[in-house]
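Let's take a walk through this model, starting with its nonpolar cores and moving on to a couple of helix pairs. Keep the 3D view open as you read.

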Amino acid sequence: MKTFKTKYGHFSNDGKEFIITTPRTPRPWINVISNGDYGITFSQTGGGYSWRTHAQLNRLTRWDQDMIKDEWGKYLYLRDEKGNVWSAGWKPVCHEPDAYECRHGVGYSVITSKNFGIETELTVFLPNEDPLEIWTLTVRNKTKRARKLSIFSFFEWALGQSPDWHREFHKSFISTEYHAGSHSILAEKRLWEVPTDRGHWNTEWPFVAFHSSSLKPVSFDTDKETFLGMYGQQSMPAALSAKKLANRQGNWLDHIASLQHSITLKPNGEQTIHFTLGCTGTREEAIALAKKYKSNAAVDAAFTAMQERWKGLLSTVEVSTPDDAMNVMENTWLKYQAISGRIWGRTAYYQTGGAYGFRDQLQDSQVWLSIDPERTKRQLQLHARHQFKDGSVYHWWHPMSEIGMRNQIMDNLLWMPFVMNAYLQETGDDSILDLTEPFVDDTAVEPMYAHCVKAIDRSLERFSDRGLPLIGSGDWNDGLSAVGLDMKGESIWLGHFIHRILLDFSAVAKKRGDIVRSDRYRSRAADLRAKLNTIGWDGNYYFGATKDSGEKIGSSSNTEGSVWLNPQTWSVIAGVADAQRAEQVMDVVEKKLEKKIGPLLLYPAYKTPDKFVGYLTRYSPGMRENGGVYTHGATWSVIAAAMLGRGETAFRFYSKLNPVNRGKDPDEYVAEPYVTPGNIEGPDSSFFGRGGWTWYSGSAAWLYKVGLEWVLGIRATEQGLLVDPCIPAAWKGYTVRRTFRGAVYSIEVKNPGKVQCGVKEVWVNGVKQPPVSSPRQCILPLLERGTTHSIVIILG
């Protein structure tokens with residue numbers, strides 16, 4: 001495959017690593033590594049932070065957001081016999097290396113560098129089950145003489161709430177201790193900023209943190225003052241000028257962790273040291289884990305098991321298309337980003353987090369459907385437990401504390417029935433609807449079906465007098481934060497979304513024998529569709545919303561923000577627009593919103609803040625939701641184009657959003673070219689084309705989904721796996737290997753007629769199937785679980 005090389009790096013030949021060839025990337029290019037509980041961020045300079053379960057409530061190491069300096073991390077210093085000092089990563093010393101490479105892989109990162117004749121290879125990864133990270137440092141002497149080296153680890157303890165902006169307060173509750181038998185520093189804290197029944201600031205941090213090494217240290221330190229020196233710098237700590245560290249431990253310190261080792265290497269000799277950093281429930285568990293990973297065998301076994309786990313997760317769907325940029329993202333990086341960064345980690349560099357967003361992780365969990373749908377099921381159940389009896393939900397909530405926020409953003413609750421329907425299509429498992437879960441405000445359990453219809457019915461109560469849904473303090477777009485504060489403003493996009501859900505759940509209700517509800521939902525959908533097509537129509541396209549005053553926004557009558565993306569794309573997706581209008585609104589998208597970076601969320605950008613619209617208008621023009629590409633929403637344009645059979649358009653939209661393609665001009669784009677950004681700045685910005693807010697973006701799962709299901713056209717239905725390609729006419733074909741309900745479908749699509757869509761023939765295991773009933777698509781027969789089958793699709 002192509003490796004998409006730039007002056008900053010390239011993909012490996014198999015696409016499973018991104019190899020960075022200089023530490024001076026335009027922004028920190030990071031990896032977000034999580035095993036589902038413990039997690040780390042790790043940049044190409046060696047920066048980053050660590051947490052367990054929640055990256056804000058349970059941060060282990062201190063870190064402050066600074067995308068320019070990137071100077072907070074967990075570092076390893078080296079000092080040779082002549083007093084030369086450098087670091088295993090580029091930071092914090094920033095010595096100019098003779099060679100440097102950072103390889104971000106699936107579940108690990110490796111930095112290799114060469115300084116003063118010494119080569120270091122630092123591998124960081126997380127075991128699958130244990131709550132810790134491992135840093136394996138291999139040091140190689142590339143000179144012809146023996147070398148004596150000292151190695152020092154260093155980071156600052158946080159231990160709980162982050163950022164601990166009042167450090168003088170927080171450090172007063174930390175205590176540290178060196179445990180010689182396990183070569184480890186142990187750290188505890190008597191304060192955790194989680195409210196209790198005995199008031200605030202009155203509970204202990206319920207963990208023990210540890211930092212250990214496989215080699216016996218010659219000294220240690222847990223005090224920042226003695227390590228850095230008063231007014232000292234991370235780039236050259238005072239302690240590195242001394243023979244040994246200060247061996248300080250206990251209370252009353254500004255707490256860090258540093259272990260010092262001394263090694264001697266013969267010419268061409270090498271030595272490996274394993275460091276750990278972790279967090280457990282007890283002191284005994286911490287010591288046991290520190291001891292466990294002293295051995296090469298334990299570390300090697302953990303690394304192999306980690307790789308096997310990720311291989312299993314990422315191999316249920318494999319595609320091979322004429323476009324290598326699509327292949328590398330669909331096969332590896334979109335799935336990895338959605339799982340490790342968004343569902344498990346829920347944090348990154350541009351945004352630190354840890355909470356669950358009710359709608360956010362539900363949408364992200366769609367990535368599991370083609371991998372392990374049981375995980376989507378568990379996500380649905382988790383979110384049901386964070387719904388209130390009246391059908392409303394938390395906007396977000398914090399695991400560990402279970403504190404959540406309710407607001408008037410109107411789409412949150414509806415993503416549960418939306419994702420539920422996707423799960424039913426994937427699995428055919430109606431039994432999930434009978435599983436019971438409690439509510440936030442009522443421990444009495446009700447079936448998941450009841451949870452879903454309560455969400456729908458709650459939404460149907462929040463309509464204006466003229467029959468359109470109220471926007472409240474936002475629909476899907478949080479930036480429309482003031483449009484409907486008086487509960488009079490309306491949302492056209494939300495109307496489309498509700499229409500789609502009503503139709504889908506009408507079918508669910510009918511299948512369950514809930515005929516009255518089924519008929520009511522279908523009737524409400526018909527009425528809503530009529531209102532959207534009369535009141536919501538702006539002459540050439542659908543306007544966006546009305547303010548509490550009744551003024552239209554996202555309308556041709558506006559000079560700023562005169563056309564919005566979501567009301568156009570979802571009119572197609574939701575089946576609100578008829579055939580003629582569907583074509584018309586997508587023409588508007590292509591002509592007015594599509595730019596070199598993809599479809600803008602709105603255009604032109606707001607240049608004047610409007611307190612009756614919300615904070616969206618306060619962003620600089622062209623940034624984020626204010627006239628930029630908001631990648632999450634932009635992915636839906638691929639679906640709409642594909643539904644109209646516009647293969648060239650659908651793939652063009654997909655390709656413009658693909659970070660591999662955006663990253664071909666890395667100095668313009670600046671963001672990582674291997675994960676999706678939350679946003680790309682639009683033409684009203686002075687930095688048109690600049691990406692940002694990477695990793696922690698709901699766009700990863702959606703871009704994966706639209707690529708697989710709507711461009712390649714392989715998507716689940718209750719009746720079976722549907723094939724409905726919508727591709728560029730120049731493509732000769734492609735293959736998809738996809739597990740569906742336990743059977744493996746090895747699908748080859750051939751396009752001898754150079755068409756964009758249309759299924760002509762279907763062959764299953766060499767047997768031609770009866771003519772397809774639809775001119776565009778076919779549904780493959782359900783096949784026996786545990787079997788593999790060859791499918792050939794001829795387009796025409």
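What follows looks at the cores and then at two helix contacts.

Bear in mind that this is a predicted model. A good place to start is the largest nonpolar core, which has 222 residues. Within that core, Leu780 and Ile793 touch the most other members. Zoom in on Leu780 and, leaving out residues up to four places away in sequence, you'll find it touching Gly720, Leu721, Val723, Tyr745, Ile747, Val762, Ile791 and Ile793. Another core, of 12 residues, lies apart from the largest one, and its members include Tyr75, Val93, Phe154 and Ala239. As a general backdrop, nonpolar side chains in soluble globular proteins tend to be buried together.

Now for the helices. Take α8 (residues 415–427) and α10 (residues 492–511): their axes are 10 Å apart and the packing angle is about 45°. Angles between 35 and 65 degrees count as oblique, so α8 and α10 are oblique to each other. The crossing here is left-handed. On the α8 side, the contact uses Trp415, Pro417, Phe418, Met420, Asn421 and Leu424, and these meet Trp493, Phe497, Ile501, Asp504, Phe505 and Val508 of α10. Sorted by class, that gives 10 nonpolar residues, 1 polar and 1 charged.

The other pair is α12 (residues 566–573) with α13 (residues 579–593), packed at about 145° with axes 9 Å apart. Their crossing is left-handed. From α12 come Gln568, Thr569, Ser571 and Val572, while α13 brings Ala582, Val585, Met586 and Val589. This contact of α12 with α13 counts 5 nonpolar and 3 polar residues, with no charged ones.

Terms used:
Residues numbered from 1 in each chain as written. Predicted model: local features only at pLDDT ≥ 70, side-chain atom pairs only at ≥ 80, totals over all residues. Heavy atoms only, no water. Core = buried A, V, L, I, M, F, W, Y, C linked by side-chain atoms within 4.5 Å. Buried < 20%, exposed > 50% of the residue type's maximum accessible area, 1.4 Å probe, protein only. Contact = heavy atoms within 4.5 Å. Axes fitted to C-alpha atoms, helices over the stretch in contact; angles between N-to-C directions. Helix = DSSP H or I, 4+ residues; strand = E, 2+ residues; numbered from the N terminus. Left-handed = near helix turned anticlockwise from the far one by under 90°. Nonpolar A, V, L, I, M, F, W, Y, C, P; charged D, E, K, R; others polar. Parallel < 35°, antiparallel > 145°, perpendicular 65-115°, else oblique.
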